[in-house]
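Colleague: Could you take a close look at a single part of this model for me, one stretch of the backbone together with whatever surrounds it? I would like the local detail to come before the overall picture.

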Amino acid sequence: MNDERLTVARAADDTGGPRPAPHRPGQPDQPVPHEQPERPRGRKRRGPGPVTLLLLPALVTVTGVAAFLALGGLPSPGPDDDSATDPSAAVDIDPSYIPWLRKAASACTVLEPSVLAAQIDQLSGWSDDSDDLSGQKGIAAFTDDEWRAWGKDDDGNGRSSPRDPADAIMALGRRDCSLAGKVTELRTEGRINGDLVELTLAAYAVGEDAVTEAGRVPSAAKTYLDEVQSLLPRYEALDREDSGGGAGGAAGALLTAPVSPLTITSPFGSREHPLTGVTKLHTGVDFAAPQGAQVVAARRGRVVFAALTSAYGNRVVIDHGTIQGKRVETTYSHLSSLGVAVGQTVEAGAPVGRVGSTGLSTGPHLHFEVILDGYYTDPRPWVVPNGV
């Protein structure tokens, strides 16, 4: 229960809190002085004439460029270049998409998060620009008719839209899982043969009737299938439970549960505040817990705020660093007592305070938030197994 004002790393007077200092590279190495060879003693030479002084530098430059090009020009990336050895290094997925990819894939056994991610990459390159000719919208390229069949307000923000990444990812997962169920049944009946993932992707590309008629992956689906499979290596890390750097979290979640058991009494999304009566975004999730229950850090990080505020009561904010370029912070509010101090480093599962009802609160509970680069996001898929 909160007044929904962003208070990450702020004191009770709403002044801005400290941010990590920018990285300062070390001093460059001192150049090694070039050692001049000893000249043989002899008759003193005259200096070069004016024509030589003008032409010699140009001649040396032209000769050097020619030799450089003859040797192959700029060197190709060596084995130490991350982009050459790690395909995922060149891919920047918004970290808020990862829990939704995992939740969507968990709806059926055939899918993996990497398959959904590769599909979206192939469909849109993770761009939500609409296609005016086809009518496709959002990162999963849904048409209006397709969205009416598969779209829902999965993130609970009050609207269902193909341009909402969370909604789009979940809708694609529902569509794929429906196709996976159909091709699984067809293969069980002996009407088609092949790998279930490939058959599912083929049914997505050309329809289940075309797959049934061919009895296998039809040739019309080969191009789409090849393109998606070529992108899979970029996203294989998403299939591992520890991808994203979470420690101690349950399968399908990136963060450790801050209280146990996890009982949601008020989800993320638009709601009427029970005390103020104002309808606006509830920026976190309220977990039911008894007075004095232990609250723990959801991930390793550094405490950037720990103090009493008027709305959130006793509040702790932990900075967990960056995940693929996005700063991740978690907050713990309405605590009865604080168990950490600013500047302290905590591990996932370490105590940070006790459940209470301080601030604008109707009873003991934990108000928990996940913040990406200063923006609130639904904590459920991050911390609750399968986002339920």
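Modeller: In this predicted model, Trp126 has a relative accessibility of 16%, which is under the 20% cut-off, so Trp126 counts as buried. The residue belongs to the loop that runs between helix H4 and helix H5 (144–150), and its phi is positive, at about 65°, although Trp126 is not a glycine. Most residues other than glycine have a negative phi. Gly125, which comes just after H4, likewise takes a positive phi of about 65°.

The helix that leads into this loop deserves a careful description. Helix H4 covers residues 113–124, and because each of its 12 residues is taken at 1.5 Å, the expected span is 16 Å, with which the 17 Å between its end C-alpha atoms agrees. H4 is mostly covered, in that 10 of its 12 residues are buried; the buried set begins with Pro113, Ser114, Val115, Leu116, Ala117 and Ala118, and continues with Gln119, Ile120, Asp121 and Ser124. Among the elements that cover these buried residues are H3, H6, helix H7 (196–206) and helix H9 (222–235).

For H6, one residue gives a concrete view of the packing. Gly173 is placed in helix H6, and with a relative accessibility of 1% Gly173 counts as buried. Once its neighbours within four places in sequence are left aside, Gly173 is in contact with Ala104, Leu111 and Leu116, and Leu116 is itself one of the buried residues of H4. The C-alpha atom of Gly173 is also separated by 8.6 Å from that of Ser106, although the two residues are 67 residues apart along the chain.

Two of the helices that help to cover H4 also take part in the largest pocket, which has a volume of about 450 Å³. Of the 20 residues in its lining, Ser96, Asp155, Pro165, Tyr376 and Thr377 are the closest to its centre. Helix H3 (97–105), helix H6 (165–188) and strand E13 (375–377) each contribute at least two residues to that lining, and E13 gives the most, with 3 residues. By class, the lining divides into 9 nonpolar, 3 polar and 8 charged residues.

Two further places in the backbone can be set beside Trp126. His334, in strand E8 (residues 326–335), has a positive phi of about 65° although it is not a glycine, and at 0% relative accessibility His334 counts as buried. The peptide bond from Ser260 to Pro261 is cis, with omega near -5°, and Pro261 lies in the loop between H9 and strand E1 (264–266). Most peptide bonds are trans.

As for the overall picture, the protein chain holds 10 helices and 13 strands, and buried residues make up 41% of its 388 residues. Among the contacts in the chain with a separation of 6 or more, 61% come from residues 24 or more positions apart. The accessible surface of the chain comes to about 20,800 Å², and 53% of that surface belongs to carbon and sulfur atoms.

Terms used. Residues numbered from 1 in each chain as written. Predicted model: local features only at pLDDT ≥ 70, side-chain atom pairs only at ≥ 80, totals over all residues. Heavy atoms only, no water. 1 Å grid on protein atoms, 1.4 Å probe; cavity = no way out; pocket = protein on both sides within 12 Å on 5 of 7 lines; lining within 4 Å. Points joined across faces, edges and corners; volume = space filled by probe spheres on them. Helix = DSSP H or I, 4+ residues; strand = E, 2+ residues; numbered from the N terminus. Nonpolar A, V, L, I, M, F, W, Y, C, P; charged D, E, K, R; others polar. Expected span 1.5 Å × (residues − 1). Buried < 20%, exposed > 50% of the residue type's maximum accessible area, 1.4 Å probe, protein only. Contact = heavy atoms within 4.5 Å. Areas by Shrake-Rupley, 256 points an atom, 1.4 Å probe, with all protein chains shown as cover.
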